[in-house]
Amino acid sequence: MTTRSAEHPRPDHFLLHISDTHLLAGGGRLYDRVPSETHLRRLFDEFEASGGRPDAIVFTGDLADRGEPDAYRRLREIVDPIAAQLSARVVWVMGNHDERRAFRAGLLDEPASAEPVDAVLEIDGLRIITLDSTVPGQHHGEVSAAQRDWLRAVLATPAPHGTILAMHHPPVPSVLDLAVSVELRDQASLADVLAGSDVRAILGGHLHYSSTATFAGIPVSVASATCYTQDLNVPVGGTRGRDGARAFNLVHVYPSTVLHSVVPLGEWAPLDWIDASESARRLASAGVRMPEPARGRLVDA
């Protein structure tokens, strides 16, 4: 029997990408009906059942709907035990609904400050940069000249496995006209910083629906919201939110590519079931070998 290797090894890194949780103090409901906290707990219940073990859980903004300290406290109560169980780092990104002082104190355990929340985290050679695109009191996004200078300086030294940039306002067009009023402004200036850098993917949120594009030659992946989403079947030119179609993303980093997969929340009747051992048996029977990661640690995905 002829044996061949799969076209790609197992990934070097695995990230869980979640966005727009919009938690409220006291466990309140959005629009008096959407239990955003319940939906986030359900997401982790469904993800844990998969056996996946991400290197990091990346939240791309609008974590609290009104920037309330108690909303951040409640978020930590949900996320911290899960992250510990999964042995995953947690990456928090500011969104336009978040408040910098409460965000720093509640999520980062840092002194309250109104300065932009920009940070760098390296995990086994993969660099994750968080960029605060928020404008206090506004819903559109901006990246200041000082932030661009900081980002350029960080990117001047490439990371061993490249860089993932995480920000709330994605530098992409939107199919919803009204989204233009809250888009990231002066995107060309940010593109000048990123072009030719080692940034391999940009993770964003804000739109409340999944979307992909490229920016400065870099793939952009927008995760949908875990609270409520935008209906893209709305009559052209309009905007209509809906209590459903929630999703999150899986991000697998390979030596030659970064794979983004959208996972809808909810359970449906299975058509068949092939477990891991049977999958391995069938691959072996077919003479297919799955190479281990080219570098970094093995992740279960």
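Start by selecting residues 163-167, strand β7, together with β8: the two run parallel and are joined by four bridges. Keep in mind that this is a predicted model.

**Around β8**

Zoom in on Ile164. Its opposite number in β8 is Ala201. Now trace the chain from β7 onward. It passes through helix α5, residues 187-194, before reaching β8, and this β-α-β crossover is right-handed.

Next, colour residues 199-204 by accessibility. How many of the six residues of strand β8 are buried? Six of the six are, so the strand is largely enclosed by the rest of the structure. Buried here stands for under 20% relative accessible area.

Add residues 218-222, strand β10. β10 pairs with β8 in the parallel sense, over three bridges. To see one of these pairings, pick Leu203 and look across to Ser221, its bridge partner in β10.

**The five-stranded sheet**

Move to the open sheet of five strands. Its order is β4-β3-β2-β13-β14, and the pairing is mixed. Select β4 and β14 (258-264) to mark the edges; each of these strands pairs on one side only. Look along the sheet for its turn: neighbouring strands are rotated by 20° against each other on average, with direction ignored.

Helix α1 packs on this sheet. Show its contacts: α1 touches β2 (13-18), β3, β13 (247-253) and β14. The direction of α1 makes about 155° with that of β2.

Stay at the β4 side. β3 and β4 are paired in the parallel sense, with five bridges between them. Ala56 is a good pick, as it stands opposite Arg89 in β4.

**Helix α2**

Now select residues 69-86, helix α2. How far apart are its end C-alpha atoms? They are 26 Å apart, which agrees with the 26 Å that 18 residues should span at 1.5 Å a residue.

Step along to Val79. A kink of about 25° lies there, shortly before the proline Pro81. Val79 is also buried, as are other residues of α2, among them Ala71, Tyr72, Leu75, Ile78, Ile82 and Leu86. Arg74 and Arg76 are on the buried list too.

An α-helix has 3.6 residues a turn, so residues three or four places apart point the same way.

What do the buried residues of α2 pack against? Display α1 (36-50), β3 (56-60), β4 (89-93) and α3 (100-108): these are the partners.

Finish just past the helix at Ser87, which follows α2 and has a positive phi, near 55°.

Conventions
Residues numbered from 1 in each chain as written. Predicted model: local features only at pLDDT ≥ 70, side-chain atom pairs only at ≥ 80, totals over all residues. Heavy atoms only, no water. Buried < 20%, exposed > 50% of the residue type's maximum accessible area, 1.4 Å probe, protein only. Pairing = 2+ DSSP bridges. Right-handed = clockwise from strand over helix to strand, strands pointing away. Expected span 1.5 Å × (residues − 1). Bend = angle between axes of the 7 residues up to and from the residue. Contact = heavy atoms within 4.5 Å. Axes fitted to C-alpha atoms, helices over the stretch in contact; angles between N-to-C directions.
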